[in-house]
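This report concerns a protein chain and the ligand bound to it. The sequence and structure are shown below, followed by an account of the ligand's surroundings.

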Amino acid sequence: MTTSASALFEVERLRDVLDGSIVLPEDADYDAARTIVSGAFDDRPAVVVRAASVDDVVRTVRLSRDTGLELAVRSGGHSNAGHGSVEGGVVLDLRLLKELRIDAAARTATAQAGLTAAEYTLATSEHSLATGFGDTGSVGLGGLVTGGGVGLLSRKHGLTIDSLLAAQVVTADGEVLEVDDTHHAALFWAIRGGGGNFGVVTRFTLRLHPVGEFVGGILVQPATPAAVSRFLEQAAAAPRELTTILNVMPCPPLPMVPADVHGRLVMLAFVAWAGPVEEGTRVIDGLRAIAPPLADLVRPGPYISMFPPEVEDYHPVAAARTLFLDHVDEPLAARILERLEASDASMRAVQLRVLGGAISDAPADATAYAHRAAPMMANVAAFVDRPEQRDAREAWVDELSAQLDQGVPGAYVNFLAREGADRVRAAYPDPTWERLRQVKAAYDPTNLFHVNQNVPAASA
Ligand SMILES: Cc1cc2nc3c(=O)[nH]c(=O)nc-3n(C[C@H](O)[C@H](O)[C@H](O)COP(=O)(O)OP(=O)(O)OC[C@H]3O[C@@H](n4cnc5c(N)ncnc54)[C@H](O)[C@@H]3O)c2cc1C
């Protein structure tokens with residue numbers, strides 16, 4: 001795509017006033033600057049703006065508005081839908097915005113949107129405090145928080161948005177707003193689950209929770225229908241201190257698992273207990289008793305240990321579907337195992353997150369994430385190693401998710417791939433959707449922020 005001369009002129013003018021910098025296609029670091037986590041997308045933006053201040057964010061929003069160049073807002077770049085970049089447009093990269101202020105006495109933190117979950121948690125762990133994010137340390141706060149945030153402290157402390165006290169938002173007009181329950185309350189409601197539709201969140205004020213006593217790690221066990229359904233049943237019945245993420249999948253070549261287990265179907269669970277160690281050990285022993293562990297790294301330790309170092313420059317391509325479930329009984333677990341056996345994808349998995357606990361404490365209309373009553377979240381995924389595999393992998397995830405579907409409505413917007421407007425619409429209940437559209441009409445009527453799981457503005 002070519003960029004008009006006048007747009008290029010505006011981009012050059014931006015370079016002169018920015019606190020940060022711009023990267024253009026002719027620059028040596030252009031490929032690095034345009035790369036996002038998902039390997040499925042190869043967009044070539046006209047410019048990547050590395051914002052170093054809130055003023056830079058305002059300038060970039062105005063550049064997009066004035067030139068008509070499409071705007072992609074990027075924090076951690078983890079969008080499975082490739083929304084951290086845009087062909088021929090402007091990428092507003094927030095990764096230099098990493099200011100973090102911790103008030104340990106008040107148990108709050110103010111964090112700029114370019115921080116990752118691991119960076120934030122490493123700093124707060126100095127005070128034995130944490131805010132729950134997701135299961136992966138490199139995910140950016142910007143996308144994770146605005147979508148909801150479902151992670152390893154969720155049953156104990158709720159979604160990330162349940163710990164969100166206030167935010168700073170740059171709107172489509174380039175206005176900088178401080179929002180909370182009493183200031184721009186509708187906007188504050190919308191950015192808690194409505195994604196990046198309403199503005200660029202530059203700063204989050206988050207509640208911190210004590211995590212001094214914590215037990216967690218990875219537990220690997222053989223997968224059988226009885227073991228899978230029992231694990232989920234016990235995890236749901238456990239006190240809310242326990243949050244688990246169960247991956248049913250062929251065992252990856254983990255060094256701590258005997259080589260003859262690699263490739264066999266296992267339950268690979270992230271287990272997190274946020275509470276007294278003695279009680280946690282007793283509850284987790286109940287999970288261990290379901291099937292003899294093949295690897296057991298679950299132990300008392302700091303919560304930050306749940307975010308180990310990650311492989312850098314990893315850009316997998318995956319077909320994936322997400323849905324909510326009511327329960328997984330033995331026949332359904334048998335179906336999952338059968339379908340996993342039947343696939344030849346180099347990685348395929350069904351991830352099952354037991355929800356409930358503090359997630360369900362808030363009413364459905366408290367935030368734009370409305371699925372408070374959903375008991376479980378599933379993600380079905382298969383790697384696409386070569387383009388010619390895509391159709392078969394998509395068909396496999398479609399078929400298995402249809403078999404899992406128990407009619408529990410909705411979907412978690414942060415796990416949607418690029419699946420079309422109908423799936424975005426289906427992610428929200430009607431009242432939530434209508435309210436989001438009203439907020440969109442008030443704050444972004446021209447849909448400047450549309451490189452996302454898009455909510456169209458209500459018509460006047
Ligand atoms: C490996 C992996 C593991 C994951 N695990 C979890 C998990 O455990 N729990 C969970 O809840 N989610 C999880 N996710 C999903 C993740 O929360 C979403 O993909 C999220 O949108 C990523 O945020 P980001 O800032 O890294 O991504 P980006 O690609 O930078 O942005 C994603 C979207 O958010 C918007 N956005 C980004 N920053 C801002 C901002 N500052 N203001 C407004 N809008 C913004 C973007 O426009 C884009 O639409 C996971 C994703 C991956 C790839």
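A polar contact is here a pair of N or O atoms within 3.5 Å. The model under discussion is a predicted one. By that criterion, a nitrogen atom of the ligand makes a polar contact with Ser-75, lying 2.7 Å from an N or O atom in the side chain of this residue. Two further pairs involve polar backbone atoms: an oxygen atom of the ligand is 3.0 Å from one in Val-73, and an oxygen atom of the ligand is 3.4 Å from one in Leu-144. The table sets out these pairs.

| Residue | Ligand atom | Protein atom | Distance |
|---|---|---|---|
| Ser-75 | nitrogen | side-chain N or O | 2.7 Å |
| Val-73 | oxygen | polar backbone atom | 3.0 Å |
| Leu-144 | oxygen | polar backbone atom | 3.4 Å |

On its own, the ligand has 950 Å² of accessible area, of which the protein covers 89%. Two or more residues of the surrounding shell are contributed by each of the elements β3 (71–74), α5 (141–147) and β10 (200–207). The largest share, 3 residues, comes from α5.

There are 31 residues around the ligand, and those that come nearest are Ser-75, Asp-135, Val-150, Val-201 and Tyr-412. Divided by class, the shell contains 17 polar, 11 nonpolar and 3 charged residues.

As to annotation, an unreviewed UniProt entry lists residues 41–211 as "domain: FAD-binding PCMH-type". Over this range the chain is 26% strand and 23% helix, and the C-alpha atoms at the two ends are 38 Å apart.

Methods: Residues numbered from 1 in each chain as written. Predicted model: local features only at pLDDT ≥ 70, side-chain atom pairs only at ≥ 80, totals over all residues. Heavy atoms only, no water. UniProt positions renumbered as here; feature names shortened; annotations may be inferred. Helix = DSSP H or I, 4+ residues; strand = E, 2+ residues; numbered from the N terminus. Near = heavy atom within 4 Å. Polar contact = N/O pair within 3.5 Å; in protein donor to acceptor, adjacent residues only side chain to side chain. Areas by Shrake-Rupley, 256 points an atom, 1.4 Å probe, with all protein chains shown as cover. Nonpolar A, V, L, I, M, F, W, Y, C, P; charged D, E, K, R; others polar.
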